[in-house]
Amino acid sequence: MKNTFTMTDNRTDTSYEFDILDGTRGPSVVDISSFYSQTGMFTYDQGYTSTASTKSAITFIDGDKGELRHRGIDIEDLVENHSYIEVCYLLLKKRLPTPEEAKGFDLELRHRSFIHERMKGLFDSFPISGHPMAIMNSAVAALTVFYGDHISIENEEEALEMAARIIAKMPTIAAFSYRHSMGIPFIYPDVNRSFTENFLYMMRAYPGGVMKIGNDGENTISPVEVKALDAIFSLHADHEQNASTTTVRNVASTNAHPYVAISSGISALWGSAHGGANEQVIKQLEMIGSVDNVDKYIAKAKDRSDPFRLMGFGHRVYKNFDPRAKILRGLQDQLKDELKLDSELMKIASKIEDIALNDEYFVSRKLYPNIDFYSGVILTALKIPTSMFTPMFVIGRTVGWIAQWLEYKEDAKAKIARPRQLYTGE
Ligand code: CMC
């Protein structure tokens with residue numbers, strides 16, 4: 001049996017043959033790279049619903065089974081048994097670290113968490129009202145200026161150093177962006193704190209690194225909070241060829257600096273169809289305001305003449321459930337008491353969930369709650385302001401973007417991303 005695919009142009013009764021490529025798991029692909037040279041036509045797939053843009057060995061998703069694996073390891077196992085730092089190591093170095101390697105990587109990230117002193121002026125130049133995503137985006141692009149040393153991809157150590165640097169600095173950039181938007185002084189990283197605890201510290205501490213005023217214990221950071229946020233970072237670490245990762249790879253294909261590729265990824269992530277949905281979910285729940293209004297908004301979401309969509313529902317790939325959402329749902333139940341989750345928001349969310357999971361409109365379109373539907377309630381309980389929800393996604397996803405960038409650069413056959421079009425103009 002030939003591993004090929006034949007297509008026939010019925011206008012001329014001419015057949016063309018293309019190779020079928022098999023991966024290790026998931027659907028095979030038809031290699032249409034010679035389609036134009038053979039047929040003189042392009043293929044058309046708006047939104048890439050049937051297109052594999054690359055080969056990759058980082059993340060595997062089975063959307064029908066609701067399965068997500070990084071380097072072959074199930075996401076549930078990773079979240080339950082490994083820290084975010086270990087997940088980063090796995091994505092970058094293709095295997096989990098030994099305890100000594102994890103410790104070394106953790107120390108490296110602590111040391112690299114500071115940003116250049118002159119970058120503080122960049123934050124100060126933005127209006128106070130600036131959204132933290134916009135500020136982060138610019139600050140990450142500016143890293144190219146402050147740390148723009150030539151990266152040699154042939155030198156693995158140098159490339160990994162560049163990867164560690166951006167992972168380590170992202171929480172600092174996020175916290176500085178937030179503190180600037182509030183008009184409050186920046187808090188430097190504390191190298192005695194772990195990656196995730198350090199982020200909460202930079203968000204919450206008073207000037208001088210003070211966590212408590214007198215005997216007021218309100219401003220401490222509990223291990224439960226650190227564990228919950230660490231799980232949220234791990235759940236966002238990578239998600240194969242989504243819109244922002246594809247953007248990063250496209251920019252990488254032009255040989256632009258990796259930090260600007262990541263800043264482009266941040267732009268793509270910000271939109272409400274992608275990572276920006278987490279902020280919109282909470283805004284939507286607050287707008288709905290009460291369980292009594294849920295039916296009205298469900299009706300609006302179902303009305304095809306109304307652009308209103310239920311934020312946090314639906315996914316291009318998951319047509320059963322989003323495994324990340326399932327884990328977060330469990331975490332939400334576990335933390336309900338410990339984190340004092342907002343009961344009114346949870347009531348509204350849970351009514352929407354109940355209705356949508358049984359309603360013909362949502363069931364027939366396989367629209368299930370996604371990761372963004374659940375992350376907001378937990379982030380709110382962690383006292384993360386709503387405007388910082390998408391930056392939380394950025395912190396978690398940075399490792400995925402950089403791992404995909406590294407993989408792209410290792411591919412000797414990689415070409416500039418340059419799709420064609422069906423011209424319909426004058
Ligand atoms: N509420 C109401 N209807 C919806 C929704 C929704 N959230 N999502 C999709 N639909 C309907 C849509 O109107 C269409 O209906 P019809 O077949 O009658 O025209 C059908 O479902 C298919 O939708 P689509 O837009 O063709 O699906 P897509 O795969 O292109 O889009 C999506 C996927 C995630 C952009 C979309 O479901 C959406 O806009 N969801 C809300 C935003 C959201 O939660 N985004 C976060 C995604 S998960 C985080 C991440 O990885 O980025």
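These are my notes on the cavities, one pocket, one helix and one serine of this structure.

**Entry 1: the model.** I am working from a predicted model, so everything below is computed from it.

**Entry 2: cavities.** I looked for enclosed space first. The structure has three cavities of 30 Å³ or more. I then opened up the largest cavity, which holds about 80 Å³ of space. Its lining is made of Asp106, Leu109, Arg110, Ser113, Ala168, Pro171, Thr172, Arg193, Ser194, Phe195, Asn198 and Met202. Helix H4 (99–111), helix H7 (156–182) and helix H8 (195–204) are the elements that give two or more residues to that lining. I sorted the lining of the largest cavity by type and got five nonpolar, four polar and three charged residues.

**Entry 3: helix H4.** H4 turned up in that lining, and I wanted to know how it sits. I checked its length before anything else. H4 has 13 residues, which at 1.5 Å a residue should span 18 Å, and its end C-alpha atoms are indeed 18 Å apart.

Next I asked which residues of H4 are buried. They are Ala102, Phe105, Asp106, Leu109 and Arg110. These buried residues cover an arc of only 140 degrees around the axis, so they lie on the same side of H4. That fits the usual geometry: an α-helix has 3.6 residues a turn, so residues three or four places apart point the same way. Glu100, Lys103 and His111 are exposed on the other side of H4.

What do the buried residues of H4 pack against? I found helix H3 (84–93), H7 and H8 there. Asp106, Leu109 and Arg110 are also in the lining of the largest cavity, so I cross-referenced this entry with the previous one.

**Entry 4: second largest pocket.** I moved on to open space. The second largest pocket holds about 570 Å³. Its lining has 25 residues, and Val79, Glu80, Lys227, Ala231 and Leu331 lie nearest its centre. At least two lining residues come from each of helix H2 (75–81), H8, helix H9 (223–235) and helix H14 (323–335). H9 gives the most, with seven residues. By type, the lining of this pocket divides into 10 nonpolar, eight polar and seven charged residues.

**Entry 5: Ser375.** Last, I looked up a single residue. Ser375 is in helix H17, residues 371–381. Is Ser375 buried or exposed? Its relative accessibility is 0%, so Ser375 counts as buried. Leaving out residues up to four places away in sequence, Ser375 touches Asn278 and Leu328.

Definitions and conventions:
Residues are numbered from 1 along each chain as its sequence is written. This is a predicted model: local features need pLDDT of at least 70, side-chain atom pairs count only at pLDDT 80 or more; totals for chains, interfaces and linings use all residues. Side-chain values use heavy atoms; hydrogens and water are left out. On a 1 Å grid over the protein atoms alone, a cavity is a set of points where a 1.4 Å probe fits but cannot get out, and a pocket is an open set with protein on both sides within 12 Å along at least five of seven lines; lining residues have an atom within 4 Å of a point. Grid points are joined across faces, edges and corners, and a volume is the space filled by probe spheres set on the points. Helices (H or I, at least four residues) and strands (E, at least two) are DSSP runs, numbered from the N terminus. Ala, Val, Leu, Ile, Met, Phe, Trp, Tyr, Cys and Pro count as nonpolar, Asp, Glu, Lys and Arg as charged, and the others, Gly among them, as polar. The expected span of a helix is 1.5 Å times one less than its number of residues. Buried means under 20% relative accessible area, exposed over 50%, partly exposed in between (1.4 Å probe, protein chains only). The arc is that of the directions from the helix axis to the C-beta atoms. Contact means heavy atoms within 4.5 Å.
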